[in-house]
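Thank you for asking me to look through this structure with you. I have set out my reading as numbered points, so that each can be checked against the picture.

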Amino acid sequence: MKKNEEFKFTFSVSTRAFSDKNKINWGSVQYKKQSISIEKFIELIKSGYAFCNCFDDDDEVFGQSVKTLANFRYTNCIMIDIDDCKIEMNDLINQLSVKPTLAYTTPNNLTEKSNFLYSYRLCFLFEEKIKGIDNYCQMYSTLINLLINDVKGFELEDNCAQSANQQFGGS
């Protein structure tokens with residue numbers, strides 16, 4: 001990447017924002033691929049948009065019937081969903097040998113639903129596309145192993161992001 005170029009990556013973004021991820025009818029969410037900067041990604045997260053990887057969607061708006069493992073093509077982003085964790089987000093990040101590009105708390109952070117524990121996402125962005133299910137799973141597993149090895153007492157409660165067709169809500 002040239003020094004003056006702003007890093008952009010392609011990610012599928014929901015066509016509308018949601019005020020509460022716990023009330024989303026996930027089966028009806030529609031997505032469209034977008035080329036976005038990290039700053040734009042942060043704005044979209046804060047605004048409540050949902051996200052997923054890139055699929056064989058003919059560059060059209062798509063829904064759940066397209067968002068399948070068989071249609072997965074690539075991603076530049078590995079998200080790790082951390083739920084019901086006893087370790088605060090910044091404390092966990094400080095222990096990591098490989099830091100996420102960004103991290104954010106989810107709406108269930110420190111709520112009764114999370115047993116008043118921490119809930120957040122770690123987002124690792126890559127300049128090169130991660131293509132194909134096998135490569136996605138390998139990269140995800142590598143990041144999870146780093147977490148387990150770097151952070152004393154860390155246990156992954158929710159491994160939903162191991163699936164390349166997982167969708168994530170904003171915050």
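The points below go through the sheets, the helix, the aromatic rings and a few single residues.

1. A word on the source comes before the rest: this is a predicted model, and what follows should be read as a description of that prediction.

2. Begin with the open sheet of three strands, whose order is S2-S1-S3 and whose pairing is antiparallel. Strands S2 and S3 stand at its edges with a single partner strand each, so one side of each is left without a neighbour in the sheet. S1 pairs with S2 over seven bridges in the antiparallel sense, and within this sheet Phe-9 stands opposite Ile-36 of S2. S1 also pairs with S3, again in the antiparallel sense, over two bridges, and here Val-13 is found opposite Phe-51 of S3. As for its surroundings, S1 is mostly covered, since five of its seven residues are buried.

3. A second open sheet is formed by four strands in the order S4-S5-S7-S6, and its pairing is antiparallel as well. Here the edges are taken by strand S4 (54-55) and by S6, each with a single partner strand, so one side of each has no neighbour in the sheet. The antiparallel pairing of S4 with S5 runs over two bridges, and Phe-55 stands opposite Phe-72 in S5.

4. Which residues of helix H1 (residues 38-47) are buried? They are Phe-41, Leu-44 and Ile-45, and because they cover an arc of only 100 degrees around the axis, they lie on the same side of H1. As a general matter, an α-helix has 3.6 residues a turn, so residues three or four places apart point the same way. The elements that cover the buried residues of H1 include strand S1 (8-14), strand S2 (31-37), strand S3 (51-52), strand S5 (72-85), strand S6 (102-105) and S7. The helix is followed by Gly-48, which has a positive phi, near 90 degrees.

5. The aromatic rings deserve a point of their own, as the count of aromatic pairs comes to eleven. In one of these, the ring centres of Phe-11 and Phe-41 are 5.6 Å apart and the planes stand at 90 degrees, so the pair is edge-to-face. Because Phe-11 lies in strand S1 and Phe-41 in helix H1, this pair ties together parts that are 30 residues apart in sequence. Both Phe-11 and Phe-41 are buried.

6. Phe-41 also pairs with Phe-51: the ring centres are 5.0 Å apart and the planes are at 85 degrees, so this pair too is edge-to-face. The pair links distant parts of the chain, with Phe-41 in helix H1 and Phe-51 in strand S3, ten residues apart. Phe-51 is buried, as is Phe-41.

7. Elsewhere, ring pairs join Tyr-31, Phe-55, Phe-62, Phe-72, Tyr-136 and Tyr-140 into a cluster. A ring also takes part in a contact of another kind, in which Lys-129 lies over the face of Tyr-74, at 4.1 Å from the ring centre.

8. Is Arg-121, a residue with a charged side chain in strand S7, buried or exposed? Arg-121 is found in strand S7 (residues 118-131), and with a relative accessible area of 3% it counts as buried, because the cut-off for that term is under 20%. Its side chain makes a polar contact with the side chain of Asp-81, at 3.1 Å. Leaving aside neighbours within four places in sequence, Arg-121 is in contact with residues including Lys-21, Met-79, Ile-80, Asp-81, Leu-102, Ala-103 and Tyr-104, and the list also holds Thr-106, Phe-168, Gly-169 and Gly-170.

9. Ala-70 has its place in the loop between S4 and S5. At 64% relative accessibility Ala-70 counts as exposed, because that term applies over 50%. In space, the C-alpha atoms of Ala-70 and Gly-132 are 9.5 Å apart, while in sequence the two residues are 62 residues apart.

Key
Residues are numbered from 1 along each chain as its sequence is written. This is a predicted model: local features need pLDDT of at least 70, side-chain atom pairs count only at pLDDT 80 or more; totals for chains, interfaces and linings use all residues. Side-chain values use heavy atoms; hydrogens and water are left out. Buried means under 20% relative accessible area, exposed over 50%, partly exposed in between (1.4 Å probe, protein chains only). A polar contact is a pair of N or O atoms within 3.5 Å; within protein, one must be able to donate a hydrogen and the other to accept it, and residues adjacent in sequence count only if both atoms are side-chain atoms. Contact means heavy atoms within 4.5 Å. The arc is that of the directions from the helix axis to the C-beta atoms. Rings of Phe, Tyr and Trp (its six-membered ring) pair if their centres lie within 6.5 Å; planes under 30 degrees apart count as stacked, over 60 as edge-to-face and the rest as tilted. A charge sits over a ring if NZ of Lys or CZ of Arg is within 6 Å of the ring centre and within 35 degrees of the ring normal. Two strands pair if DSSP finds at least two bridges between them.
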